[in-house]
Amino acid sequence: MTDMVGQEPQYEVFADEFLDHARDGLYNAHCDRPACLDLLGDVAGRRVLDVACGPGLYAAELVARGATVIGLDHSPRMVELAGHRVPAGEFRVHDLADPLDWVPDASVDLVLFALALEYVDDRVSLFRELRRVLRPGGALVFSRMHPTGDWLRHGGNYFDERIVEEVWSKGWRVRYWLAPLEQTCEELRAAGFLIERLVEPRPRPEAAAIDREGYERLSREPTGFLAIRAVPDPRP
Ligand SMILES: C[S@@+](CC[C@H](N)C(=O)[O-])C[C@H]1O[C@@H](n2cnc3c(N)ncnc32)[C@H](O)[C@@H]1O
C-alpha cells in the first residue's frame, strides 16, 4: 500500500447512493449536518466555500439560510447533483490535491469542509489554502470521522497515521487516512489556525424514530464524527 489515498474520485461510483443515504440518515442528517451548521452560525449574507460539497445537501441548507455558496468536489457526478439541487450555487470539479487557484485571497467569509479530510494526502497544504481564501474574521468549520471510532474498528496503534481500506455496509469501497486527534490539531496549527470550538456530535432526539439502536449507540459512544470551528491565527 502506498502512502497516498490517490487521485481516484472514490465517490463517483456511488454518488447517487450517497445522496439517498445522507439526505435523511442518522449519521449525516442528524449528527454531522446539525453540528457543522451550528458551528457555522448565522450565514445570512455570507459567502461560503463548501469544500467537498458532495451532492449539495449542505449547500441547499446554506442557501436556504441566506448564504451565497461556491462549492467544489472531486467527483463530477457529485458536482452535477449539487448543481441540480442548488441552482443558486456555483459548483466545480476540483481535486483537493491541487491548489485552489481559482479562489482569490480573502474572498470568502466561511469555509465548510464536511467529512472529507480523510481523503486528503497533504492536509497542511490544504488548510493553508483554506486560510488564504478566508477573509479576516472568517472561520473554517470542518468535520471528520471520530478518531476513537476509527481506532475501535481498526485496532493497532491509535497514534499511527496510516491509510486503511474499508467496504462500508452499502458495499462502497473507500480508502482513507486514519489520524489521531492530535494530528488534526497539529495540522491546523501548522497551517495557521486556532481552534475555537470542538464538538463530538450526538444525534438529535428525533433520530431515535429512524434508527433506535444507532441512535442509542451514537448517544453513548464516540464512534461517529467530530467537528471543529477554527479561525485564522491573528498573531504574527
Ligand atoms: C462523505 S462525502 C461528504 C460530502 C459532503 N461534504 C457532505 O457532508 O454531505 C465526501 C466527499 O468528499 C469528496 N472528495 C473526496 N476526495 C476528494 C478530493 N481529493 N477532492 C475533492 N473532493 C473530494 C467526495 O467526492 C465526496 O463528495
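Helix α7 (residues 181-190) lies across β5, β8 and β9 (225-232), and its direction makes about 145 degrees with that of β8. The model is a predicted one, and the description below proceeds from the sheet to the ligand shell and then to individual residues.

**The sheet and its helices**

The strands that α7 crosses belong to an open, mixed sheet of seven strands, ordered β3-β2-β1-β4-β5-β9-β8. Its edges are formed by β3 (90-93) and β8 (193-199), each of which pairs on one side only. From one strand to the next, the twist averages 20 degrees. Helix α3 (residues 57-64) also packs on this sheet, where α3 touches β1 (47-51), β2 (68-73) and β4. The direction of α3 makes about 170 degrees with that of β2.

Strands of a sheet pair through backbone hydrogen bonds, in either a parallel or an antiparallel sense. Strands β4 (residues 108-114) and β5 (residues 134-145) pair in the parallel sense, over six bridges. Within this pair, V111 stands opposite L140 of β5. An antiparallel pairing is found between β6 (residues 162-167) and β7 (residues 173-178), which are likewise joined by six bridges. Here E166 stands opposite V174 in β7. The hairpin of β6 and β7 has five residues between the strands, and G171 in this hairpin takes a positive phi near 90 degrees.

**The annotated domain**

The UniProt record, an unreviewed entry, lists residues 49-142 under "domain: Methyltransferase type". Over residues 49-142 the chain is 31% helix and 31% strand. The C-alpha atoms at the two ends of this range are 12 Å apart.

**The ligand shell and H74**

The ligand is surrounded by 21 residues, the closest being A52, G54, H74, A116 and Y119. By class, the shell comprises 15 nonpolar, four polar and two charged residues.

Of the closest residues, H74 is described here in further detail. H74 is found in the loop between β2 and α4 (76-85). H74 counts as buried because 21 C-beta neighbours lie inside 10 Å, and the cut-off for burial is 20 or more. Leaving aside residues up to four places away in sequence, H74 touches P9, V93, H94, D95 and L96. H74 and K170 are 96 residues apart in sequence, and their C-alpha atoms are 21 Å apart in space.

**Positive phi outside glycine**

Most residues other than glycine have a negative phi. A106 has a positive phi although it is not a glycine, and L115 is also a non-glycine residue with a positive phi. A106 lies in the loop between β3 and β4, whereas L115 lies in the loop between β4 and α5 (123-133). The phi values of these two residues are tabulated below.

| Residue | Phi |
|---|---|
| A106 | about 45 degrees |
| L115 | about 60 degrees |

Are these two residues buried or exposed? L115 has 21 C-beta neighbours inside 10 Å and therefore counts as buried. A106 has 13 C-beta neighbours inside 10 Å, so A106 counts as partly exposed.

How values were computed:
Residues numbered from 1 in each chain as written. Predicted model: local features only at pLDDT ≥ 70, side-chain atom pairs only at ≥ 80, totals over all residues. Pairing = 2+ DSSP bridges. Helix = DSSP H or I, 4+ residues; strand = E, 2+ residues; numbered from the N terminus. Axes fitted to C-alpha atoms, helices over the stretch in contact; angles between N-to-C directions. Contact = placed C-beta atoms within 7 Å. UniProt positions renumbered as here; feature names shortened; annotations may be inferred. Near = placed C-beta within 6 Å. Nonpolar A, V, L, I, M, F, W, Y, C, P; charged D, E, K, R; others polar. Buried ≥ 20, exposed ≤ 12 C-beta atoms within 10 Å, placed from the backbone.
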